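Subject: Structure for you to look at, with notes

Dear colleague,

I am passing on the structure we spoke of, together with my notes on it. Please read the notes with the coordinates open beside them.

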Amino acid sequence: MKERIEELEALFEKALSEATDAAALENLRVEYLGKKGHVAELMKGLRDAQDKKAAGQLINVFKCGVESRIEEATEAMKQAQINARIRNAKKYNPTLAREREFGSYHPITLATREVEDVFISMGFTIENYNEIVDDYQCFEALNIPKHHPARDMQDTYYLDNGQLLKTHTSAAQNYIMKKYGAPLRAIFPGRCFRNESTDACHENTFFQMEGMMIDENISISNLIYFMKTMLSEVFKRDVKVRLRPGFFPFVEPGFELDINCEICGGEGCPSCKNSGWLELCPCGMIHPNVLREGGIDTEKYTGFAFGLGLTRLAMMKYGVKDIRDFNSGNLKSLSQFKSI
Ligand code: DAH
């Protein structure tokens, strides 16, 4: 028995050293440990052994040896495969980084910068403001007391602590007036939110740019002049606009400044609710209550304010038919702005 085991051990070691893949190892396992394998055959021979106990121990040691040697070999083979994969993997090449594709500015960013440039050239400063505001800033300070029907148009998302996501950039008016006092020329772009069902021309998240000019003797003529200059600079051509009365509690008088729909040329399409016109820039003379709330002396100063729909402007400027494209994260449509 002892000789047979030694003979099998030698054969096993030789075969193991020649096994180069997992299949060969499996064959070896079956050959030695399988039902009809060498270990089973040794067990059968146990019947005739003189010292059964000693022979049984020898077989067991041999069996365990074979098992662990196969296990070790399997592990070593796996490791060798991993090492080979690492060796053969493409090496990092820093010069390839230059071939990477670069992103592009979002069309809203492009439109914002363009309008900012126009207003900077007219002496306005650019201000930043929070997206989370409180009821006072968004409504009360703008002459919209609690239960005022104007609030119906501006439902939004409320936080547990009573604060809310601002529905319009006008929410910063009070803060800016208190920060600078009069005279004042400022624009403040920002993201706004409304609890609104979406369609081609409505989104629950959109951008506006608010502007305010407060000084002595500011009148509607100043307002019209600044709006016209801004639009002709941004569109770089004459655009058809119309001014009509509009109601906003924080301006008196208030106007709607509409722009001829650039998508359909004024014939009517889903982007302009089939009217041929798009409300682009509501505006007006700042209500004395709002000025007073901002600490401005209404005997001395008057001012105008406007709330430019930046998202709408970008739609018109770049011919984007559906407002939802802007927040879609769709690289196919957004990457078209690379060259602009
Ligand atoms: N905040 C208004 C809105 O989002 C728009 C607006 C109207 C802003 C008139 C103004 C303004 O500054 O004078 O509906």
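What follows is an account of the domains, the strands, the core, the empty spaces and a few backbone details.

Please keep in mind throughout that this is a predicted model. The domain assignment of the protein gives two ranges, with domain 1 covering 2-88 and domain 2 covering 107-339, and the C-alpha centres of domain 1 and domain 2 are placed 81 Å apart in the model.

I would begin with strand β4, which spans residues 184-193 and has 8 of its 10 residues buried, so that the rest of the structure largely encloses it. Strand β1, made up of residues 125-126, runs parallel to β4 and is joined to it by 2 bridges, and one pair to look for is Thr-125 with its bridge partner Ala-186 in β4. The pairing of β4 with β5 is antiparallel and extends over 10 bridges; here Cys-192 has Phe-206, in β5, as its bridge partner.

The largest nonpolar core contains 45 residues, and those with the most contacts inside it are Val-115, Phe-119, Met-227, Met-230, Phe-306, Leu-308 and Leu-313. At least two residues of this core are supplied by each of α5 (107-121), β5, α8 (220-235), β7 (251-260), β9 (283-286), β10 (302-309) and α10 (310-318). The largest share, 7 residues, comes from α8.

Turning to the empty spaces, the structure holds 1 cavity of 30 Å³ or more, and about 40 Å³ of space lies in the largest cavity. Its lining consists of Ile-108, Glu-203, Thr-205, Phe-206, Phe-207, Thr-311, Ile-323, Phe-326 and Asn-327, which divide into 5 nonpolar, 3 polar and 1 charged. Strand β5, residues 205-215, gives the most to this lining, with 3 residues. Phe-206 thus appears twice in these notes, as a residue of the cavity lining and as the bridge partner of Cys-192.

The largest pocket has a volume of about 980 Å³ and is lined by 43 residues, of which Arg-194, Phe-248, Glu-279, Pro-282 and Arg-312 lie nearest its centre. By class, the lining of the largest pocket has 21 nonpolar, 11 polar and 11 charged residues. The elements that each supply at least two residues to it are β5, β6 (241-245), β7, β8 (277-279), β9, β10 and α10, and the largest share, 5 residues, comes from β10. Strand β10 is also among the elements that each supply at least two residues of the largest nonpolar core.

In the second largest pocket there is about 150 Å³ of space. Its lining is made up of 13 residues, and of these Asn-128, Pro-189, Gly-190, Arg-191 and Phe-207 lie nearest the centre. Two or more residues of that lining come from each of α5 and β4, with β4 giving the largest share, 3 residues. The lining of the second largest pocket divides into 5 nonpolar, 3 polar and 5 charged residues. Phe-207 is named here and also in the lining of the largest cavity.

Some backbone details may deserve your attention when you go through the model. The peptide bond from Ala-182 to Pro-183 is cis, with omega near -5°, and Pro-183 is placed in the loop between α7 (173-180) and β4. The peptide bond from Glu-252 to Pro-253 is likewise cis, with omega near -5°, but Pro-253 is placed in strand β7.

Which residues in the loop between β7 and β8 have a positive phi without being glycine? Lys-273, found in that loop, has a positive phi of about 50°, and Asn-274, found there too, has one of about 60°. Lys-273 counts as exposed because its relative accessible area is 54%, and Asn-274 is also exposed, with a relative accessible area of 57%.

Lastly, Leu-334 lies in helix α11, residues 331-334, and counts as buried because its relative accessibility is 15%, where the cut-off for buried is under 20%. Leu-334 and Pro-149 are 185 residues apart in sequence, and their C-alpha atoms are 38 Å apart in space.

With best regards

Note on methods. Residues are numbered from 1 along each chain as its sequence is written. This is a predicted model: local features need pLDDT of at least 70, side-chain atom pairs count only at pLDDT 80 or more; totals for chains, interfaces and linings use all residues. Side-chain values use heavy atoms; hydrogens and water are left out. Domain bounds come from an automatic or database domain assignment. On a 1 Å grid over the protein atoms alone, a cavity is a set of points where a 1.4 Å probe fits but cannot get out, and a pocket is an open set with protein on both sides within 12 Å along at least five of seven lines; lining residues have an atom within 4 Å of a point. Grid points are joined across faces, edges and corners, and a volume is the space filled by probe spheres set on the points. Helices (H or I, at least four residues) and strands (E, at least two) are DSSP runs, numbered from the N terminus. Ala, Val, Leu, Ile, Met, Phe, Trp, Tyr, Cys and Pro count as nonpolar, Asp, Glu, Lys and Arg as charged, and the others, Gly among them, as polar. Buried means under 20% relative accessible area, exposed over 50%, partly exposed in between (1.4 Å probe, protein chains only). Two strands pair if DSSP finds at least two bridges between them. A nonpolar core is a set of buried Ala, Val, Leu, Ile, Met, Phe, Trp, Tyr and Cys residues joined through side-chain atoms within 4.5 Å.
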